Amino acid sequence: MAGDVYSYGITLLELFTGKSSNHENSTADLRLKKWVQRAFATNVDQVLDPGLVPINCSDVQSITSESQSDCSIAVLGVGLAYIVDLSDRRISMRDARGQSHS
């Protein structure tokens, strides 16, 4: 179960950064994790996939760029929480599911 949470966290990071991690190579997971952690503390916008949300999206006028950024930051934070180093410190998939819905 702890491995499932870890994989889910890596998947969130991959989706929101647009970067791929080779799951057969734990070094690639670690590079992605460290890259996002460093940016998360200082400038999270530098790791977000620019193609995630179009800058001039006229179809979604009710969502501000600040709201988009806040949501992306929250998702990356959740992803980082799921990939803590010690498996016994990771939350359960049930708790992960509950957090994802809130």
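Here are two short exercises on side-chain contacts in this structure, which is a predicted model.

**Exercise 1: the aromatic pair**

Task: Find out how the rings of Tyr-8 and Tyr-82 are arranged, and where the two residues sit.

Solution:
- Begin with the count: the structure holds 1 aromatic pair.
- Next, look at the geometry. The ring centres of Tyr-8 and Tyr-82 are 5.5 Å apart, and their planes meet at 25°. Planes under 30 degrees apart count as stacked, so this pair is stacked.
- Now place the residues along the chain. Tyr-8 belongs to helix H1 (residues 2-17) and Tyr-82 to helix H3 (residues 65-82). With their positions 74 residues apart, the pair links distant parts of the chain.
- Finally, check how accessible each residue is. Tyr-8 has a relative accessible area of 29% and is partly exposed, whereas Tyr-82, at 0%, is buried.

**Exercise 2: the salt bridge**

Task: Work out which parts of the chain are tied together by Lys-33 and Asp-85, and say whether each residue is buried or exposed.

Solution:
- Again, start with the count, which comes to 1 salt bridge.
- In this bridge the side chains of Lys-33 and Asp-85 meet, at 2.4 Å from N to O. The cut-off to compare with is 4 Å.
- Then locate the partners. Lys-33 is in helix H2 (residues 26-42), while Asp-85 is in the loop between H3 and helix H4 (93-101), so the bridge ties together parts 52 residues apart in sequence.
- Last comes accessibility. Lys-33 is buried, with a relative accessible area of 6%, but Asp-85 counts as exposed at 62%.

Methods:
Residues are numbered from 1 along each chain as its sequence is written. This is a predicted model: local features need pLDDT of at least 70, side-chain atom pairs count only at pLDDT 80 or more; totals for chains, interfaces and linings use all residues. Side-chain values use heavy atoms; hydrogens and water are left out. Rings of Phe, Tyr and Trp (its six-membered ring) pair if their centres lie within 6.5 Å; planes under 30 degrees apart count as stacked, over 60 as edge-to-face and the rest as tilted. Helices (H or I, at least four residues) and strands (E, at least two) are DSSP runs, numbered from the N terminus. Buried means under 20% relative accessible area, exposed over 50%, partly exposed in between (1.4 Å probe, protein chains only).
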